[in-house]
Amino acid sequence: MKIRTTLLGGVLACFSAGLVHAQASAPQVKTAQGEAVGKWIHDGKEKAFLGLPYAAPPVGNLRWKAPEPPSAWSGTRDATKFGHRCQQWHIWDDYIFTDAGPSEDCLYLNVYTPAAAKQGSKLPVMVWIHGGGFLAGAASEPRYTNPALVAKGVIVVTLNYRLNVFGFLASEDLAREQGGHAGNYGFMDQVAALRWVKANIAAFGGDANNVTIFGESAGSFAVSALTVAPSARGLFHKVIGESGAFFGSTIPMTAANERAKRDQAFVAALGANNLEELRALPAGKILEATQKQSGIGFSAVVDGAFLPESLPDAYAAGRQTHVPSIIGWNRDERAGTLSKDMTAEKWKAYAKEHYGAKADEFLAAFPASTDEQAIRSADDFTTNGFIAMGAWRWAEAQSKTGQSPVYRFRFDRPAPAEPLHPTGKYAFHSTELEYVFGTLDVRQGATWQSADRKLSDEVVIYWTNFARTGDPNGNGLPTWPRYDKEKKLIHLDDPITVTLDTTHAEFEFLASEPSQTR
C-alpha cells in the first residue's frame, strides 16, 4: 500500500507538473513569414498574437508607395507586444496607447483567438479598422484590445495603417511617378492587411472565406471606401459601419486632380525639390507642417485606380461589393453645442434666419413645439450634419442597389459621466466602442450599471452573429429586421427597441439643402 501510495503520489506530481508546463507554454503559430509566439489572455481562455508585420516598413524609398509584402524572419518571433503606431501627434485625450510610440515603421496587426482555435477550426474573422479622422489612432488602444467578441467564437484582427500626410498625400510628383495615380496609401495598407489575413488566418483557426470588416468613424469611412475598391474584392464578405461613410462632407473624398496641385504646394513649402528629397526629410518635419493645417488636410482621393469613382456614383450604378451590411450611428454624435440654452422660440428664430422661406419645412423636419423638443431637434440637426447624414445615405444607397441584406442601428444609450464627458446624458461620437468590444472597464472614471453590461453583451452577440452568418439575429435577442425590406432600425439601449425610420424627413430635408449639412 505504501509503495502504491508513493507511486500514485509521483504520478500525480508529474501530472500536475505537466499541467503547469502546458498552461505556462506560450501559444505558437506558423505564418507565411515564419513562426511566432504569442501569449494567453483572459485567464488562458484566449490567445493574442501582437505586432505581426503584414507589410514591409513604408520607410525610405517606400514612403508614399503601395505597401510591399513583409519579409520572412528566422527563428521564432516575439508576438507579445504591439508594434509601433503610425506617425501622429496627440489630438484627443481619450486616445490612450499601449505601444512603444509613433513611427513610420507601423504596418502591424494583432490576432485574438479562442484558446481552442487551431488549423481547421474555420472560425469567423472580424477585421477592425480604427477611427481617428485619418489623423490619429492605433490598434493598441485599450478599448480594442482583449475583445469580448472572441469569447463568442470569432477571431478578431486589429491593425494599424498610415495616417494623415503619410497615408494620403496625393501630389503631382507622386502621380507622375505612379502612372497618374497618387494617394490612398492608408487604404492600400488595409487591403494589404486583408491579403495577409486571407493568406494566414487559417493557421490561427480562422476562415478566410468568412471575413467581416468593421470600423468606427474614419474606420467606418474606410469600410465604405473598401466596398468600391477593386483591389479589395473577395477579401471580405460582410461589413459593419459605425458612424461614417464617404457620402457626405465631414471627411471629403476629393478628385485627385483637385488635390494634386494643393498637395504639390505643400511639398514645395517643405523645401523639397523632388521626391528623392521629400523622402529624405525627417518624418517629424513633415508632421509638424501638417499640424498647421486646419481640419483633415489629407484624406481619400478618387484616383482612378484604387478608387475609380466616388461612392455615390458607384452605388447608384450598383458597382459596389454586394455583401450583407450593418450601418448605423449614435444618437448624439454631436450634441450639446447648438442646443445649449435652446428654447422653442430660439429654434424657430434659427429656422427663419437660416432657411427663410423654407423655415416651415425645416421645422416640420426638426420641430419645436416645446423647449425640450427644440433641444432634441437641435441635437439631431448637428448630429445629422456632422456624421449621420453620410451614414444614412450609405444605408439608403445600399438598400436601393445592393443585392444583400442591410441592417440599420442607432446607439441610444447615454454614456455614464466621466471626466472627458461629464454630463452623462449623451450617446456621443464613439460611445458604442466599449460596448462593441466588451471593454467597458477601460473607460477611465466611468461607473457602469448592470444595464450597460447587459447591453454590451447583447451588442457583442449581434455583431458576432452577423460575422458568423450575415444575420445578427438569434440567441434570444430582440429581432432585428432588415432595413432594406422593412425600413425599420434597431435602437441599442436599455431596453433594445425596434421602430420604423422616423427620421427620414430630417435627412430628406438636409439632402435638399446640402450647404447646411457641413
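In the predicted model, the charged end of R77 sits over the ring of W73, at 5.2 Å from the centre of that ring. A second arrangement of this kind involves R262, whose charged end is placed over the ring of F298, 4.9 Å from its centre.

Aromatic rings also pair with one another, and the structure holds 40 aromatic pairs. In one of them, formed by F134 and Y161, the ring centres are 6.5 Å apart and the planes meet at 70 degrees, so the pair is classed as edge-to-face, the angle being over the 60 degrees that this class requires. F134 belongs to the loop between β7 (123-129) and β8 (155-159), whereas Y161 belongs to the loop between β8 and α2 (164-168), so the pair ties together parts that are 27 residues apart in sequence. Both F134 and Y161 are buried, and they are members of one aromatic cluster that is completed by F168, F187, F221, F246 and F306.

An edge-to-face geometry is likewise assigned to Y407 and W480, because their ring centres lie 6.0 Å apart with the planes at 75 degrees. This pair links distant parts of the chain, 73 residues apart, with Y407 in strand β14 (residues 406-411) and W480 in the loop between α14 (450-469) and α15 (483-486). Y407 and W480 are both buried.

In soluble globular proteins, nonpolar side chains tend to be buried together. In this model the largest nonpolar core comprises 117 residues, and those with the most contacts inside it are Y54, V111, F134, F187, F246, W347 and F362. Helix α12 (residues 371-401) gives the most to this core, contributing twelve residues. Apart from it lies another core, of 39 residues, which includes Y144, F214, Y407 and A446. For Y54, when residues up to four places away in sequence are not counted, the residues touched are P70, L107, Y108, L109, L159, N160, Y161, D189, A192, A193 and W196.

A further buried position is found at P27, in the loop between α1 (2-24) and β1 (28-31). The relative accessible area of P27 is 5%, and this residue is therefore counted as buried, the limit being under 20%. Although P27 and V37 are ten residues apart along the chain, their C-alpha atoms are separated by 5.8 Å. Leaving aside its neighbours within four places in sequence, P27 is in contact with V37 and also with A36, G38, K39, W40, K47 and F49.

Key:
Residues are numbered from 1 along each chain as its sequence is written. This is a predicted model: local features need pLDDT of at least 70, side-chain atom pairs count only at pLDDT 80 or more; totals for chains, interfaces and linings use all residues. Side-chain values use heavy atoms; hydrogens and water are left out. Helices (H or I, at least four residues) and strands (E, at least two) are DSSP runs, numbered from the N terminus. Buried means under 20% relative accessible area, exposed over 50%, partly exposed in between (1.4 Å probe, protein chains only). Contact means heavy atoms within 4.5 Å. A nonpolar core is a set of buried Ala, Val, Leu, Ile, Met, Phe, Trp, Tyr and Cys residues joined through side-chain atoms within 4.5 Å. Rings of Phe, Tyr and Trp (its six-membered ring) pair if their centres lie within 6.5 Å; planes under 30 degrees apart count as stacked, over 60 as edge-to-face and the rest as tilted. A charge sits over a ring if NZ of Lys or CZ of Arg is within 6 Å of the ring centre and within 35 degrees of the ring normal.
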